[in-house]
Amino acid sequence: MPAPIELLTPGETLSRLASILDCPQETQAIREAAIAEYIRACVYGPCHYQDEWGPPRSVHTRTVLSLVRRRANFLWGDADHGSIDSRGATSHEGDKLTADVLVRLGMTGDLVELGAGYWAPGPVRLVRAFHSGMDALLVSGGVPTEALQLELAARLSAGGCGRFMRPSRATLRRLKIQEDSQSVQDWLGSPSESLAAWTRRVLRSLAATMNPMPDADVADCEVYAPEPLPGKPRHQNWVRIRELSLLPDGLRLCRPSSGRSASYDRPTYIAVLSNDHGRPVFHRMTLVPNDHLVRLMLGFDQMKGIRRTVTLEVGSGVCRAAIPFRLPDPESRMLAFGWATREPLKRTGTVLGFPSDLAPFLRNVLKSLNIDCQVRPSTEMGL
């Protein structure tokens, strides 16, 4: 008996995929969710079905790119493809997006990078945003969605690189969510102490290593000053010391001006400034480790009573956010769940789309960094 064949347009194909994956009806979200599923299946299969003895089988990046290129070309229209070479290999925008999704799956914990381009599936984890447990749970792990739904006996939804479960009360009791799930801070590996306590501890540690630097030329150096100061331009946190009519007191973050140091190797110091006969000098200073810098900046904001604000615009299963400043590691991993969106907002910064189920997790993480998070319906912004 011949099998029925149905011819679908690209738009109908994406709509079917959105229904299968329970994904928001947004092209980029569907594409990335489908690619993520192909990647999970590619990496999970050899590891799951290997012989009982021997080390786990890993999968190389080239194998992943080749699989997605062969199986998922329908995700792009003709305008997205490059030319076809003599061997019939089509690769270009699809390969770039696949490689990007692969890296982000490593950031979210779905995959584990073993080095030399090899990947293995990550362990399954259920992550809660708050202690009360009725919000959607973030599901992290390298098991494909179909197999994971059978294991959990629960429906999963997808969007970009993220997967979520909206459990009922019965499911919460059956899976023992309160005992077996992780908080978002534990899952990320964030510092266990508050931002204020972390900042005080790090500043004490750095202050103990400071050395006098009386001969340093600091007039062209920049100082981090989030609060209003005489001579400081508005909406500018890094300002040249020579532009200030009054030197800021206490411990300060300082760095060379852009003309004095390469942008990729620009050191930052903790310093105490003083006035030496009308000339600004570093009274004492020490180098700040690179992995402390972004968190220290947010800590200084909190010390000076400054709060940054991010607006989440939620609607139709998608929330959008423009975050015009860096987040520290490991909290920056939350941005791996986002996808690029073309709808501009009335502010600077890259606009990312996220599944609306991720909004509570973003609010939790931003709050821990002393960043206000405002949630608005997207209809208010004309999206």
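Which residues of helix α3 are buried? Keep in mind as you look that this is a predicted model. Helix α3 covers residues 61–71, and its buried residues are T61, V64, L65, L67 and V68. If you look down the axis of α3, these buried residues fall within an arc of 160°, so they line one face of the helix. Now turn to the other side of α3, where you'll find R62 and R70 exposed. There's a handy rule behind this kind of pattern: an α-helix has 3.6 residues a turn, so residues three or four places apart point the same way.

Let's try the same thing on helix α1, which runs over residues 10–21. This helix has 12 residues and reaches 16 Å from its first C-alpha to its last, close to the 16 Å expected at 1.5 Å a residue. The buried residues here are T13, L14, L17, A18 and L21. They cover an arc of only 140° around the axis, which puts them on the same side of α1.

Next up is the sheet. Five strands make an open sheet with mixed pairing, and their order is β6-β7-β5-β4-β8. At the edges sit β6 (156–159) and β8 (182–183), each of which pairs on one side only. As a reminder, strands of a sheet pair through backbone hydrogen bonds, either parallel or antiparallel.

Strand β4 is a good place to see both kinds. Strand β4 (residues 125–128) runs parallel to β8, and 2 bridges join them. Here V127 stands opposite Q182 in β8, and R128 stands opposite S183 in β8. With strand β5 (residues 137–140), β4 runs antiparallel, and 3 bridges join that pair. In this case, look for L126, which stands opposite V139 in β5.

Now for some charged partners. Side chains of opposite charge can pair when their charged atoms come close. The structure holds 17 salt bridges, so let's walk through a few of them.

Start with R166 and D22, which form a salt bridge whose closest N and O atoms are 3.5 Å apart. R166 lies in the loop between β7 (162–165) and α6 (169–175), while D22 lies in the loop between α1 and α2 (27–48), so this pair ties together parts that are 144 residues apart in sequence. As for how much of D22 is accessible, its relative accessibility is 30%, so D22 counts as partly exposed.

What about a pair within one helix? R104 forms a salt bridge with D100, and the closest N and O atoms are 3.0 Å apart. Both residues belong to helix α4 (residues 93–108), and because they're 4 residues apart, about one helical turn separates them. The two partners don't get equal cover: R104 is buried, with a relative accessible area of 8%, whereas D100, at 37% relative accessibility, counts as partly exposed.

Then there's R266, which forms a salt bridge with E222, with the closest N and O atoms 3.1 Å apart. R266 lies in the loop between β12 (251–255) and β13 (269–276), and E222 is in strand β10, so the pair ties together parts that are 44 residues apart in sequence. R266 has 24% relative accessibility and counts as partly exposed, while E222 is buried, with a relative accessible area of 11%. Elsewhere, salt bridges that share partners link E37, R40, D110 and R163 into one network.

Strand β10 (222–224) also leads us to another residue, P226, found in the loop between β10 and β11 (238–240). Is P226 buried or exposed? At 9% relative accessibility, P226 counts as buried. From P226 to V239 is 13 residues in sequence, and the two are 9.5 Å apart in space, C-alpha to C-alpha.

To finish, let's visit the surface. V112, L114 and Y118 form a nonpolar patch there, and together they have about 260 Å² of accessible area. L114 is found in strand β2 (residues 111–115). Since anything over 50% counts as exposed, L114, at 52% relative accessibility, is exposed.

Terms used. Residues numbered from 1 in each chain as written. Predicted model: local features only at pLDDT ≥ 70, side-chain atom pairs only at ≥ 80, totals over all residues. Heavy atoms only, no water. Patch = residues over 30% accessible without salt bridge, like charges linked within 9 Å, V, L, I, M, F, W, Y side chains within 5 Å. Areas by Shrake-Rupley, 256 points an atom, 1.4 Å probe, with all protein chains shown as cover. Salt bridge = Lys/Arg side-chain N within 4 Å of Asp/Glu carboxyl O. Buried < 20%, exposed > 50% of the residue type's maximum accessible area, 1.4 Å probe, protein only. Pairing = 2+ DSSP bridges. Expected span 1.5 Å × (residues − 1). Arc of directions from axis to C-beta.
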